[in-house]
Amino acid sequence: MKIHKVVDDIYRLSTNIEDNKYLFEGIWPIPHGISINGYLIKGEKNVIIDLTQDIFDFPKEITQQMEGVELGIEDIDIIVMNHMEPDHSGWLKAFCAQNSKAMIYCTKKAIPLLQAFASVPAERAIAITDGMVLEIGDYELQFFDTPNIHWPETMMTYERKRGILFSCDAFGSYGSIDEHAIFDDQISEEKHQFFENEALRYYANIVSTFSPFVLKGLEKLQGLDIKVICPSHGIIWRNNPSVIIEHYKRYASYSKGPAEREVTIVWSSMYGNTKQVLNMVVEVLRKRKIPVHIFQVPGDEIGYILASAWKSAGLIFGMPTYEYKMFPPMAHTIEELMVKKVSKKKVFRFGSYGWVGGAQKDFETKTEKSGWDILGHYEWQGAPTEEDQQAIKTAVEGYCDALIEFTEK
Ligand SMILES: Cc1cc2nc3c(=O)[nH]c(=O)nc-3n(C[C@H](O)[C@H](O)[C@H](O)COP(=O)(O)O)c2cc1C
Ligand SMILES: [Fe+2]
Ligand SMILES: [Fe+2]
């Protein structure tokens, strides 16, 4: 990839993770890759905003991109670290070893992390204060403390004269970026849809737990005249940045409910007894014109289940009892939904048991603090009978009524 001009002497430095076996943050599958973006301002003083991860040959690639505007590592005067997660700071240790003059602008909370992650002493850091402005020639960088989007030390950088927000992980998305289409006005409608899906999955996987902070952060940015958004993952929004701002507002608002009138079904079955009622549940939902997304565990990836669950106002779980508890892969899924604070959902559960059951009690215990409204459940012994099927049908009909009322705008 070559260096790309954003505007004037501001450039994008970027690489894509394209190894489809790579798990982002060690958990999340990224079959369509992800870009890691940093930005360079060439001027009276040369500034780099966020670095890159020290994997593959990313530092070398970024160094080569910098050479495209005749700058080397030693020419950088200021490093702005919006975020200390190693996808953006991994290169910092080696970078600072080669460049002993650059001062690092970051939040106060980031300073101990500089040492811990990159062996960079506090003497090289300048702690920003919220709203502080750094004038460098023709550029005015204003720093905003935006804690917990998504680590405690995160901040954003705003170039005031041009209205450019360097938002780091906020407004980011999965998906590799094509060299010839890095701006929102260079991509097709179809590709926009692709990035919207990738942004939702990124949000649900990486940011969702911190949604109240996203809402606070969005409020803080409201007064700014944002003309361009340069995120650390994904395309640059220069034509219509409000698109991604609105998406993020919507994603964050799902934490307060209701999300969309859709249902995510997650099911498991060892011998097919629980599975036998699945078609019927789906049929009832479809008859009521409620979009349904179906996932099986184990098998389907948690990263995808999370994205679907985050966007759906309704969740339905089907799983049998296993050693007096929920079937373990489902217990794991539920735990992950709790970690990500998937909340304010209308919920139903069904499942088979062999002798005395136990899954329902376990399910209720594990979701006690979820903020879910569990509208009902249905359990049966062994294979479902005609009566069981009928009873579930009636229960799911009632569930649909409640979901429709809940999502009435
Ligand atoms: C390893 C294992 C553990 C089980 N533990 C329980 C249990 O603790 N309590 C119970 O009522 N049934 C238990 N069962 C029985 C299953 O819940 C029952 O076979 C059920 O019909 C399975 O549904 P499925 O066909 O959808 O997998 C267990 C079954 C297996 C294979
Ligand atoms: Fe991050
Ligand atoms: Fe990141």
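**Two cavities and a helix crossing**

Helix α6 (residues 211-221) gives the largest share of the lining of the largest cavity, 4 residues. Helices here are DSSP runs (H or I, at least four residues), numbered from the N terminus. This is a predicted model, in which local features need pLDDT of at least 70 and side-chain atom pairs count only at pLDDT 80 or more, while totals for chains, interfaces and linings use all residues. Residues are numbered from 1 along each chain as its sequence is written, and side-chain values use heavy atoms, leaving out hydrogens and water.

**Cavities**

- The structure holds 2 cavities of 30 Å³ or more (sets of points on a 1 Å grid over the protein atoms alone where a 1.4 Å probe fits but cannot get out; lining residues have an atom within 4 Å of a point).
- The largest cavity encloses about 40 Å³, and its lining includes Ile149, Met156, Val214 and Tyr248.
- That lining divides into 8 nonpolar, 1 polar and no charged residues (Ala, Val, Leu, Ile, Met, Phe, Trp, Tyr, Cys and Pro count as nonpolar; Asp, Glu, Lys and Arg as charged; the others, Gly among them, as polar).
- The second largest cavity has about 30 Å³, with Ser173, Phe195, His233 and Trp237 among its lining residues.
- Its lining splits into 5 nonpolar, 3 polar and no charged residues.

**Helix packing**

- Helix α5 (residues 189-207) packs on helix α9 (residues 302-311) at about 100°, with the axes 8 Å apart.
- The two helices α5 and α9 are therefore roughly perpendicular (65 to 115 degrees).
- Contact (heavy atoms within 4.5 Å) involves residues including Tyr203 of α5 and Trp310 of α9.

Methods
Chains lettered and ligands numbered in written order. Axes fitted to C-alpha atoms, helices over the stretch in contact; angles between N-to-C directions. Parallel < 35°, antiparallel > 145°, perpendicular 65-115°, else oblique. 1 Å grid on protein atoms, 1.4 Å probe; cavity = no way out; pocket = protein on both sides within 12 Å on 5 of 7 lines; lining within 4 Å. Points joined across faces, edges and corners; volume = space filled by probe spheres on them.
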